[in-house]
Amino acid sequence: MSRYLGLRRLHEVRGFGGFGRSALIAASVTALSLTASGCVVVHGEREVLPATTRAEAATALQEFTAAYNKADKAYDSSLDAEYTTGALADIDSARLTAGKANSPDGNARHAPLKLTDAKFTIPKKAGWPRWFLADAAGNKGGDSRWLLVFTRSGQDETWEAAYLTLVAPDALPKFVVDEDGWAEAVPANAADPAVPPGELSAAYATYLKKGEDGGEAAFAEGPHTSAWRELRTKKSVRPGLATQYIDEPMTNGDYAPLALRTEDGGALVFFTTRHFEKQTAAAGASVPTPNKDVLALTTGEIRQTLTMEFVSNQVALDPGDGGGGDGEVEILGRIQGLTSAKGE
């Protein structure tokens, strides 16, 4: 969202300008059993079931895309709020809010998003939320594949997109599937991947702050790890302007990590982090004026400092013991968006 930050290339693909919000949820079919007294007891939350059918997954993707296009054209976050949640909702809502503030009549550059060649990876699991992965080709973002994770908390709930990332066509690993083609969800506390999925957000935040020497988790070099740390180091030493960074994990509720079992025994993990960037001008100087999208999300008066808050969602290849590699976590894709800013 913010061109002047140099990070826009990581969080915006033109045409998917908005990303969305909503609640982390999924679907299940209840199983009925009779007690000795003849009373009916519902045990759907205990049944290991596919999250949905492939036909329903395809419908969910179509409904999301239609709602996204309406919201993007009008710069109106209410039009796709029902179909987004978590990190995607935060990023999308902020982008649409800024767009509406600067273009009240709507998005003059709107071009409908089209997702084709969709493939669905649907895990079997017990309890809520239930969820699935959609992997599609898009008419934006070059040849990248669009990965969307949909969740819902009940049979009658709307499927909501919680995660969105773009990855290279050959980046996805092979998933473990049963004889019917259903995938396996990896619990947050699973110990067989290099990093338990539930700990990956905190491990990534620690890595960004301290590098490889700052924590137990090892991350492979790349644009979202070593290159991003290098970029932030260069920005932090500009003459007359000090830049500080704070990185935080986000793991609760709608931001919970979701993981699929890969054939090497590891996992493909979708997870969220929050990042703050604080710019402080030297005495007698002022913070450079940000662009209009940042200003639209800024409260307070920008005098000596500007603190920006970002939400980022990542997809990572978290290897298992059978991977044959060095155990490093590889960040395959990341989308980040400015969600608020404060001037002082």
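**Exercise 1. Work out how covered strand β8 is in this predicted model, and what β8 pairs with.**

Solution. Start with the strand itself: β8 spans residues 160-167. Go through its residues and 8 of 8 turn out to be buried, so the strand counts as mostly covered under the cut-off of under 20% relative accessible area. Next, look for a partner. Strand β7 runs antiparallel to β8, and 7 bridges join the two. To find your place in the pairing, pick Phe 150: across from this residue, in β8, stands Ala 161.

**Exercise 2. Find the salt-bridge partner of Arg 145 and say where each of the two residues sits.**

Solution. Begin at the side chain of Arg 145. Its salt-bridge partner is Asp 117, with 2.9 Å between the closest N and O atoms. Now place both ends: Arg 145 belongs to strand β7 (residues 145-152), while Asp 117 belongs to strand β4 (residues 115-121). They are 28 residues apart, so this pair ties together distant parts of the chain.

Then check how covered each end is. Arg 145 has a relative accessible area of 10% and is buried, whereas Asp 117, at 46%, is partly exposed. One last step: follow the shared partners. Asp 135 comes in as well, and salt bridges join Asp 117, Asp 135 and Arg 145 into one network.

**Exercise 3. Do the same for Asp 192 and Arg 261: how far apart are they along the chain, and is each one buried or partly exposed?**

Solution. First the contact: the two side chains form a salt bridge, at 3.0 Å from N to O. Then the locations. Asp 192 lies in the loop between β9 (183-184) and α4 (200-210), and Arg 261 is in strand β11 (residues 258-261). That puts them 69 residues apart. Finally, accessibility: Asp 192 is partly exposed at 32%, but Arg 261 comes in at 9%, so this arginine counts as buried.

**Exercise 4. Which strands does the salt bridge between Arg 274 and Glu 248 link?**

Solution. Check the distance before anything else: N to O is 3.5 Å, which fits the cut-off of within 4 Å. Arg 274 sits in strand β12 (residues 267-281), and Glu 248 in strand β10 (residues 241-250), with their positions 26 residues apart in the numbering. Both ends are partly exposed, Arg 274 with a relative accessible area of 22% and Glu 248 with 29%. If you keep going through the whole model, the salt-bridge count comes to 13.

**Exercise 5. Hunt for unusual backbone geometry: where is a cis peptide bond, and which residues have a positive phi although they are not glycines?**

Solution. Keep the usual picture in mind: most peptide bonds are trans, and most residues other than glycine have a negative phi.

Take the peptide bond first. Trp 128 and Pro 129 are joined by a cis bond, with omega about -5 degrees. Pro 129 lies in the loop between β5 (123-125) and β6 (130-138).

Now for phi. Tyr 75 has a positive value of about 50 degrees. You'll find this tyrosine in the loop between α2 (54-74) and α3 (86-102), and with 10% relative accessibility Tyr 75 counts as buried. Asp 117 also has a positive phi, about 50 degrees, but this residue is found in strand β4. You've already met Asp 117 as the salt-bridge partner of Arg 145.

Technical notes: Residues are numbered from 1 along each chain as its sequence is written. This is a predicted model: local features need pLDDT of at least 70, side-chain atom pairs count only at pLDDT 80 or more; totals for chains, interfaces and linings use all residues. Side-chain values use heavy atoms; hydrogens and water are left out. Helices (H or I, at least four residues) and strands (E, at least two) are DSSP runs, numbered from the N terminus. Buried means under 20% relative accessible area, exposed over 50%, partly exposed in between (1.4 Å probe, protein chains only). Two strands pair if DSSP finds at least two bridges between them.
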